[in-house]
Amino acid sequence: VQLQASGGGSVQAGDSLRLSCLASGRSFNNFPIGWFRRIPGQEREFVAGIVWNGRFSYYADSVKGRFTISRDTASNTVYLQMNSVRPEDTAVYYCGVDQGMYQSVGVRRNAIDYNHWGQGTQVTVSS
């Protein structure tokens, strides 16, 4: 079972993009989902996370006010709306589930706490 990220592409600075994270074969509706990104040669970094019922969401300072995470439990899908993108947002974006935070109101920001990573989706922002 993996979380499949999609929706990436090549865009210009200032554009918008919406990423999707689909959980196939299993429901993770009782756990937080996190979006992370990785630039080649660097560790995977936290971008945004959303709790099990969608009531609370959390963001990295670098994307706060520009990105919005949401989830549709009926379709087992979590979205990342990316507005006003910047060249420094260029990365491969991944989503993962934190199965250690059952129905928690918070999220963890360390990638090691997440699993069921998929292949990721590339986002390239040109200036």
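Visitor: Why is F36 called buried?

Guide: In this predicted model, F36 has a relative accessible area of 0%. Buried means under 20%, so F36 meets the criterion.

Visitor: What makes the pair of F36 and Y114 edge-to-face?

Guide: The ring centres of F36 and Y114 are 4.9 Å apart and the planes stand at 65°. Centres within 6.5 Å make a pair, and planes over 60 degrees apart count as edge-to-face; the rings of F36 and Y114 therefore satisfy both conditions. F36 lies in strand β4 and Y114 in the loop between β9 and β10, so the pair ties together parts that are 78 residues apart in sequence. Y114 is also buried, at 4% relative accessible area.

Visitor: Which residues do ring pairs link into a cluster together with F36?

Guide: The cluster comprises F36, F46, Y94, Y114 and W117. In total, the structure holds 6 aromatic pairs. Another of them joins F31 and Y102: with centres 5.8 Å apart and planes at 65°, this pair is likewise classed as edge-to-face. F31 belongs to the loop between β3 and β4, and Y102 to the loop between β9 and β10, so their pairing connects parts 71 residues apart in sequence. F31 is buried, its relative accessible area being 14%.

Visitor: How do you know that C21 and C95 form a disulfide?

Guide: Their sulfur atoms are 2.2 Å apart. The cut-off is a separation within 2.5 Å, so C21 and C95 qualify as a disulfide. The count by this rule is 1 disulfide. The link is right-handed, with 90° about the S-S bond. C21 sits in strand β3 and C95 in strand β9, and the bond links these distant parts of the chain across 74 residues.

Visitor: Are C21 and C95 buried or exposed?

Guide: C21 has 1% relative accessibility and therefore counts as buried. C95 also has 1% relative accessibility, and it too counts as buried.

Visitor: What makes strand β9 mostly covered?

Guide: Of the 7 residues in β9 (91–97), 7 are buried. The strand has paired neighbours as well. Strand β4 (residues 33–38) pairs with β9 in the antiparallel sense over 6 bridges, and I33 has V97 as its bridge partner. Strand β10 (residues 121–126) is joined to β9 by 3 bridges, again antiparallel, with A91 standing opposite V123.

Visitor: Why do β9 and β10 count as paired?

Guide: Pairing requires at least two bridges. Since 3 bridges join β9 to β10, the two strands meet that requirement.

Visitor: Which residues touch the most other members of the largest nonpolar core?

Guide: They are I33, W35, L80, M82 and Y93, in a core of 38 residues. Among the elements that give two or more residues to this core are β1, β3, β4 and β5, as well as β9 and β10. The most comes from β9, with 6 residues.

Visitor: Why is D89 called buried?

Guide: D89 has 0% relative accessibility, and the cut-off is under 20%, so D89 counts as buried. D89 is located in the loop between β8 and β9.

Visitor: What does the side chain of D89 reach?

Guide: The side chain of D89 reaches the backbone nitrogen of R86 at 2.7 Å. A polar contact requires N or O atoms within 3.5 Å, and 2.7 Å therefore falls inside that limit. Leaving aside residues up to four places away in sequence, D89 touches R37, R66, F67, V123 and V125.

Key:
Residues numbered from 1 in each chain as written. Predicted model: local features only at pLDDT ≥ 70, side-chain atom pairs only at ≥ 80, totals over all residues. Heavy atoms only, no water. Buried < 20%, exposed > 50% of the residue type's maximum accessible area, 1.4 Å probe, protein only. Helix = DSSP H or I, 4+ residues; strand = E, 2+ residues; numbered from the N terminus. Core = buried A, V, L, I, M, F, W, Y, C linked by side-chain atoms within 4.5 Å. Polar contact = N/O pair within 3.5 Å; in protein donor to acceptor, adjacent residues only side chain to side chain. Contact = heavy atoms within 4.5 Å. Phe/Tyr/Trp six-rings, centres within 6.5 Å; stacked < 30°, edge-to-face > 60°.
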